[in-house]
Amino acid sequence: MSSPLRVLTGITTSGTPHLGNYVGAVRPTVRASRLPNTESFLFLADYHALIKTGDPARVQRSTLEIAATWIACGLAPEQVTFYRQSDIPEITELTWFLTCLTGKGLLNRAHAYKAMLDKNAAAGADPDDGVNAGLFMYPVLMAADILLFNANLVPVGRDQVQHIEMARDIASSFNHQYGEHFVLPEAVIEDAVATLPGLDGRKMSKSYDNTIPLFAPREQLKKLILGIVTDSKTPGEPKDTEGSALFQIYQAFATPEETAAFAQAYADGIGWGDAKQRLFERIDSEIAPMRATYEELMTYPERVEALLRAGAAKARAVATPFTARLRHAVGLRPLQALAETRVKTDKAALPSFKQYREKDGLFYFKLADAKGRVLLQSRGYASPKHCGEAIAHLKAQGWSASPALHEMAAVAEGASAAEADAALQALREAA
Ligand code: TRP
């Protein structure tokens, strides 16, 4: 079997999960986590939340809500790696490494940042009004999320595709500069449901305030669904499925057969009240069984905390050793490694004396240059002590200084007196 594909995605913890998040992110990632030969890394992007909100209680609450949602929707924490971004300090460390080789120009082109510039331009405000540096750096943090775990596939909404492309660019720059460390990730887009419309027909989004919370109590869910905008056609008039938010939401929950039957009901002139009732029942039949688990987890946040800590340990078992390799790659290294090379080169560069005993029972020494070529060869001595004394004389004076020294050792064949003197001088200087 080939090695499993790594699938990774995160959800920013800045709000309460709604049907759009469920259909576009939670449900597909839970399904993907059950596919054979895949490994899922799913996380709560709470560092990202700080870009959008300065409300600590909201970040904390949203973290619990999103974690509880994922589990209630069938994520099996023991079968995946399920964690909170801020429990993995390696992510911020990698963010810095990546920051230092990301062109500012690349970030200037990010949609989320450019949208702010356009908004400011339209309002006649300073271009960077209300733009924090976190928003500017958002794509780098996201690249670190992905690259730290060498994810192959990243399921995201269409609006995030540019960020995955940037992660690829940044990974290539790193690999080019420091060697192959990162896999180049690919985006996976759930096309059929990439954008679920909200109550007003625009994309369901916290920023439009048109969302239907995923785990709204049954009665509230019904009320919200009754509030979805429709045209003013009366019961009995055929309805258009094209451009109907109601229909699109239905389709995201129904089987193709159910959707075909609903389209037929539109053609047959179903009243909007009945159509909304059918949508409500279809959604509620999928959500109701999960709602109980969600409410239970919201009541016992300590259980969620324990799951997340176990998940962080699993994630760090991957992240910590990998980060150690990355630190080495960029040059954040222990200095003693340099001392070791110094000792080696110094030793290698110097001539040396070697002492030994021959079969005749006498003690000898020779002087060899750095490459091991013999320059001086001693006569035999009665003891190592005498050898040592002769070496000390040669080291102190060189070989040519007096004939007495020539008695101690002779220039070896192929070597010269000048070489022997130079070697002895080198030894003197190094001492
Ligand atoms: N930015 C993503 C969003 O708002 C969330 C996110 C953060 C993410 N890091 C990620 C998604 C890494 C995929 C991979 O939807």
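Q: In this predicted model, which tyrosine has a side-chain N or O atom 2.5 Å from a nitrogen atom of the ligand?
A: The pair joins a ligand nitrogen to an N or O atom of a side chain. The cut-off for a polar contact is 3.5 Å. At 2.5 Å, the residue is tyrosine 138.

Q: How much of the ligand's accessible area does the protein cover?
A: On its own, the ligand has 360 Å² of accessible area. The part covered by the protein is 89%.

Q: Which glutamine has a side-chain N or O atom 3.1 Å from a ligand nitrogen?
A: Threonine 12 has a side-chain N or O atom 3.1 Å from a ligand oxygen. For the ligand nitrogen, the residue at 3.1 Å is glutamine 160.

Q: How many residues surround the ligand?
A: The closest are Thr12, His48, Tyr138, Asp145 and Gln160. By class, the shell has eight nonpolar, five polar and one charged residues. The number surrounding the ligand is 14.

Q: Which helix supplies at least two residues of the shell around the ligand?
A: Strands S1 (5-12), S2 (38-45) and S4 (153-156) each supply at least two. The ligand takes up the space of the largest pocket. The helix is H7 (133-147).

Q: What distance separates the centres of domain 2 and domain 3?
A: Domain 2 spans 215-297 and domain 3 spans 338-430. Taken over C-alpha atoms, their centres are separated by 96 Å.

Methods:
Residues numbered from 1 in each chain as written. Predicted model: local features only at pLDDT ≥ 70, side-chain atom pairs only at ≥ 80, totals over all residues. Heavy atoms only, no water. Near = heavy atom within 4 Å. Polar contact = N/O pair within 3.5 Å; in protein donor to acceptor, adjacent residues only side chain to side chain. Areas by Shrake-Rupley, 256 points an atom, 1.4 Å probe, with all protein chains shown as cover. 1 Å grid on protein atoms, 1.4 Å probe; cavity = no way out; pocket = protein on both sides within 12 Å on 5 of 7 lines; lining within 4 Å. Sits in = over half its atoms within 2 Å of the grid points. Helix = DSSP H or I, 4+ residues; strand = E, 2+ residues; numbered from the N terminus. Nonpolar A, V, L, I, M, F, W, Y, C, P; charged D, E, K, R; others polar. Domains from an automatic or database assignment.
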